[in-house]
Amino acid sequence: MFYRETGQFKSSYAADMQIFPIRQDRIALWVVLALAFIGIPLLNAFHIWPFGSEYMLRAILIPFLILSLAAIGLNILTGYCGQLSLGSGAFMAIGAYSAYKFATGVHLPFGLFDLSIPPLPMLPSILLGALMSAVVGILFGIPSLRIKGLYLAVATLAAQFFFDWVFIRVKWFTNYNSSGSVSAPDLNFFGFVVNAPIERYLLCLVFVAIFALLAKNLVRGNIGRQWMATRDMDIAAELMGIRPLYAKLSAFAISSFIMGVAGALWAFVYLGAWEPLAFSIDRSFQILFMVIIGGLGSILGSFLGAAFILVLPILLDQVPHALGVPISVETVSLLVFIITGALICWLLIVEPRGFARLWLTGKEKLRLWPYPY
Amino acid sequence: MRKLTLALTALALGATAMTGPATAQTNEQFIPALVYRTGPYAPNGIPFANGVADYWTLLNERDGGINGVKIVFEECETGYATDKGVECYERLKGKGPTGAAYFSPLSTGITFALTDKVPGDKIPLLTMGYGRSESRNGAVFPWNFIAVGSYWTAADVAIQHIAKELGGFDKLKGKKISLVYHDSPYGKEPIAALEARAKVNGFDFKAIPVTHPGVEQKSQWLAIRQDRPDYVLLWGWGVMNSTSIKEAAAVGFPRDKVIGVWWSGAEPDVTPAGDQSTGYKALMLQHGPGKFAVHADLEKNVVSKGKAAAKEDFAQVLYNRGLINSMIGTEAIRTAMKKYGNKPMTGEQVRWGFENLNLTAARIKELGFEGMLQPLRFSCEDHQGADVARMQQWDGKAWKTISDYYKADEKILAPLVKENAAKYATEKKITARDCSKES
C-alpha cells in the first residue's frame, strides 16, 4: 500500500539512473542517514536510552560501523567479483599498522638511502595506510588470474598467516616496543582531537557513509558490471572484452583499500592499543561470515550481516542477566555460541542468499500488499 | 517457512531494544569482574575468577560488605580476547551507584587496551602480577596498579634462583638460558629484563616464541634439544604450560631445569602432564596453594552455605591468587573510605585508596592472609608495592616451596622502568605527576 512505485514517472535519464529509483527507498535512506547523523547524537546529548549510554556507542555502534565497512570491502571482492578471500584480517592489519607507522613517522634505515618521513596528520595516515593495503591486495591478487575458488582462498590464507607473522616478528612495525603491542596516537583531525564516544562514532559514520556510497556507485557502474560478469562466468566475460587482469586486480585493490581503512579505524578508534591477535584469522572468518549471512553482492547485506554476527551475540549474552535469570557466565557464553551457530545454520537453510535476499523478498511482499503471494 | 523467517527477523529487530537500564540501590559498591571461564585459557581463568568472587561473597556474608557497604559484582566473559574485553569493560564500567570500583582483566592484552581508556573514565586498573611492567611508575601511570610483582621482577628473581642453584652469579657466565614464551605482549614482557640481566651476568639468552594458544610447540622443543640450554624459562598461560612440560619430557629436557613464571605454576599447568611434570619448578607470586586463616572463614561463611563459586579448585594456587586480588582491591576501597566516608566509592576515590594502601604484616594477619603475602605498600612513585618472590617445585602431587624470598635487583630494574615509562609518556604526550607534591 505504502510501498508501491505506481505513479512515479521518470522523465530524465538522470532520474532513471539514480541509485534508488523508488521514491520510498530514497526517503527511507534519508531517514536512516538523518537518524544516524542527527538523531543518535541528539539522543546521546539528552541521555535518552538506549543511545544516551556510552556503552551503546563505544561497544556496539562503533564496532558495528567499522566491521560493516570491512564487510563492504570483502563484499566487493567476494560478493561482486567472486574471488573468495580469507585474508581480510591481514588487509585490515596492514591498514592499521601502516597508518600507525605514517602517524608516528617512518624511518627506513637503508644505509645510503636513509628514508625518513616525519609523522603525518591523522587523515593522510589512514588513507596512506589503506593505500598500502591496496598495494599488498594487488600483489596477493595476482594469483587470482590463474587460480580460482577454494585454491584462491588458500592463497589469500597465506597472506593472512604471512602478515600475522610479519607484525609479530618485525619490530620495526611496532616502533621497537618491547612487548609488541602498539598504542594509537591522538585522533587529531585538522586540529580537532576526536575523543568523546559520540565524536568517535561520528568519525566512523562519516568514513562508512562515504565508502558505502562510493561502493554502491562503483558496483552499479562500468567497473562493477565487469566484476559481476567475471564472477558469473569469467570465460564469457573475457570473450565479451572484459580484461580479467584489470577487473580482478581492481576488485582486490578497492576491496583491500576499504578493508585497510576499516583496519585503521578498528585499531585507532575502537581498540586504542592493539596486538597482531586483533587481526587474526578469526577476524577474517568473522568478516566472511558477515558477508555470507548478510548476502553476497549486496551493500545493504554487509550492514545486516555485521549487525547479526557482531551485535546478536552481545545481546544474547546480556539477556539472562537483564531478565534476572541466575545462570553462570560460562553457561551463557556457551549458550550464545550454540544459539548463534544454530541461527546461522537455520538462516542459511531457509535463505541461502542471506539477509539481503530476505529484505528483497520482504519488499516484494510489501509491493503486493495486501494480497501477497 | 519464509514468512516465519521474516517475522522472526522483525522480532529480533524489536528485541534489540529490550535490555533495560538496571535499577541500582544506593548503598552498594559495584565491582566488575572480567573473567574467562571458556576458551583455551579457561583452566587457569576459572580458579582465579572463583577466588575473586568468593572473597567478595565472604566479605558480604561475614562483615556485611566493606564498612557496611555491600559489594555487588557482575562477571563478564572475555574469553581472553582483547576486543571482547573492551566490550565487557564498556558494559560494566558505569554500573552500580558509583560506577566500577576497579578492573582486573587478568590478561596482558586487555590491560594494554584498557591502560589507554582508564584515565578518561577515572577507574583504576589492578593488574596483580601481570600487565605493563613499566606501569610501576605511578607518576606516568596514575591509574595502573601492578601489585605484588611485575614480569621484570619475575625474570630477575628467576635468574637469581638459577645463580643460587649454580653456586653464585659468576657461574652464570657463558651459560645458556632460553625463554619459551607465549607470543603476545604477555610473553614478550620479560625479554627486556632478561636481556639486561644477560648483559650484566654474561649468559647467553635466547627467546623462543610459541604462537597462541600454544598447543603446537614441537619445533621449539626440538630446537631446544639441539641447542641444549642450561635452563629454560617458561612464560606460558593456559594449555600452553602443560604442553610445554609434555614436550620437554618428549625431548628429554630435565624438568627441574625448566622454570615457569607464576602464571605457569598452578595445578592446571602440571596435572595434565601427569608424572612428566615431577621436578618442574615455578615462581610464586609470593603465595602458594594451601589453606590459611582466611580459608577457615571461607569454609564457615561461604562454602558451608553453598554460596562458593569454587569446587575442587578451593585453596589451589590460582584460587588463592584470586582471593589476594580481591583482598587488595577491597582494602583499597576500605582505605579510600577512611578519607571519603563509609559510602560507595567512585573510581577516582578508589584510586586514592590504592595509592595510600599500606598492608602491614599485622593487617595481613588480621585479614587471614598471613603466610600468603608479605607487607605491601603503594605510593605515588611505586605502584607495585613489593618486589619479592619465591620458588616452588612440583613433586608429583603438590607444590612445595623450595626457596626463601628473593628480592628483585633494583639496580637493574629501576632504570628499565624509568626508561620505558618515559618512552610511554613521550609517545602519549603525558606529563608525569610530581610525586613530591601529592598528598
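Reader: What do the buried residues of α8(A) pack against?

Author: In this predicted model, the buried residues of α8(A) pack against four elements of chain A: α3, α7 (197-220), α9 (234-239) and α10. Helix α8 covers residues 222-232 of chain A, and its buried residues are G224(A), Q226(A), W227(A), A229(A), T230(A) and R231(A). The word "buried" calls for 20 or more other C-beta atoms within 10 Å of a residue's own.

Reader: What makes H161(B) count as buried or exposed?

Author: Let us set the value against the cut-off. H161(B) has 20 other C-beta atoms within 10 Å. The limit for buried is 20 or more, so H161(B) is called buried. You will find H161(B) in helix α6, residues 151-166 of chain B.

Reader: How do you know which residues H161(B) is in contact with?

Author: A contact requires C-beta atoms within 7 Å. Leaving aside neighbours within four places in sequence, H161(B) is in contact with I259(B), M391(B), S403(B) and Y406(B). There is also a C-alpha distance to look at: H161(B) and R390(B) are 229 residues apart along the chain, while their C-alpha atoms are separated by 8.9 Å.

Reader: What makes strand β12(B) count as mostly covered?

Author: Count its buried residues. Strand β12 of chain B runs over residues 388-394, and five of these seven residues are buried.

Reader: How do you know that β12(B) and β9 pair?

Author: Pairing takes at least two bridges between the strands. β12(B) and strand β9 (residues 281-284) of chain B share four bridges and run antiparallel, and in this pairing R390(B) of β12(B) stands opposite M284(B). The cut-off is met, so we say that they pair.

Reader: How many bridges join β12(B) to β13, and how many does β12(B) form with β14?

Author: Three bridges join β12(B) to strand β13 (residues 399-401) of chain B, again in the antiparallel sense. There, K400(B) in β13(B) is the bridge partner of Q393(B). With strand β14 (residues 406-407) of chain B, β12(B) pairs antiparallel over two bridges, and V388(B) has K407(B) in β14(B) as its bridge partner.

Reader: What is there between the strands in the hairpin of β12(B) and β13(B)?

Author: Four residues lie between the strands of this hairpin, where G396(B) takes a positive phi near 105°.

Reader: Which residues touch the most other members of the largest nonpolar core?

Author: They are I66(A), L69(A), V261(A) and L265(A), in a core of 241 residues. Helix α10 (residues 244-271) of chain A gives the most to this core, 18 residues. Domain 1 (28-149 + 289-381) and domain 2 (151-284 + 391-412) of chain B both give residues to the core as well, which is why it lies between them.

Reader: Which residues does L69(A) touch, not counting residues up to four places away in sequence?

Author: L69(A) touches F207(A), V208(A), F211(A), I258(A), V261(A) and A262(A).

Reader: How do you know that domain 1 and domain 2 of chain B are in contact?

Author: The contacts are counted from both sides: 16 residues of domain 1 are in contact with 19 residues of domain 2. On the domain 1 side, α2 (42-63), α4 (108-115) and α12 (317-340) of chain B each give two or more residues. The largest share, three residues, comes from α4(B). By class, this side of domain 1 has eight nonpolar, eight polar and no charged residues.

Reader: How many residues of chain A are in contact with chain B?

Author: The number is 34, in contact with 42 residues of chain B. The elements giving two or more residues to the chain A side are α3 (54-80), β6 (273-274), α12 (299-323), α13 (329-350) and α14 (354-368) of chain A. Among these, α13(A) makes the largest share, six residues. The chain A side has 18 nonpolar, eleven polar and five charged residues.

Reader: Why is chain A called as compact as a globular protein of that length?

Author: Chain A has 14 helices and six strands. Its radius of gyration is 22 Å, and the globule rule gives 21 Å for 373 residues; the two values are close, so chain A is as compact as a globular protein of that length. Of its 373 residues, 44% count as buried.

Terms used. Residues are numbered from 1 along each chain as its sequence is written. Chains are lettered from A and ligands numbered from 1 in the order in which they are written. This is a predicted model: local features need pLDDT of at least 70, side-chain atom pairs count only at pLDDT 80 or more; totals for chains, interfaces and linings use all residues. Two residues are in contact if their C-beta atoms, placed from the backbone, lie within 7 Å. Ala, Val, Leu, Ile, Met, Phe, Trp, Tyr, Cys and Pro count as nonpolar, Asp, Glu, Lys and Arg as charged, and the others, Gly among them, as polar. A nonpolar core is a set of buried Ala, Val, Leu, Ile, Met, Phe, Trp, Tyr and Cys residues joined through C-beta atoms within 7 Å. A residue is buried if 20 or more other C-beta atoms lie within 10 Å of its own, exposed if 12 or fewer, and partly exposed in between; C-beta atoms are placed from the backbone. Domain bounds come from an automatic or database domain assignment. The radius of gyration is taken over C-alpha atoms; the globule rule is 2.2 Å times the number of residues to the power 0.38.
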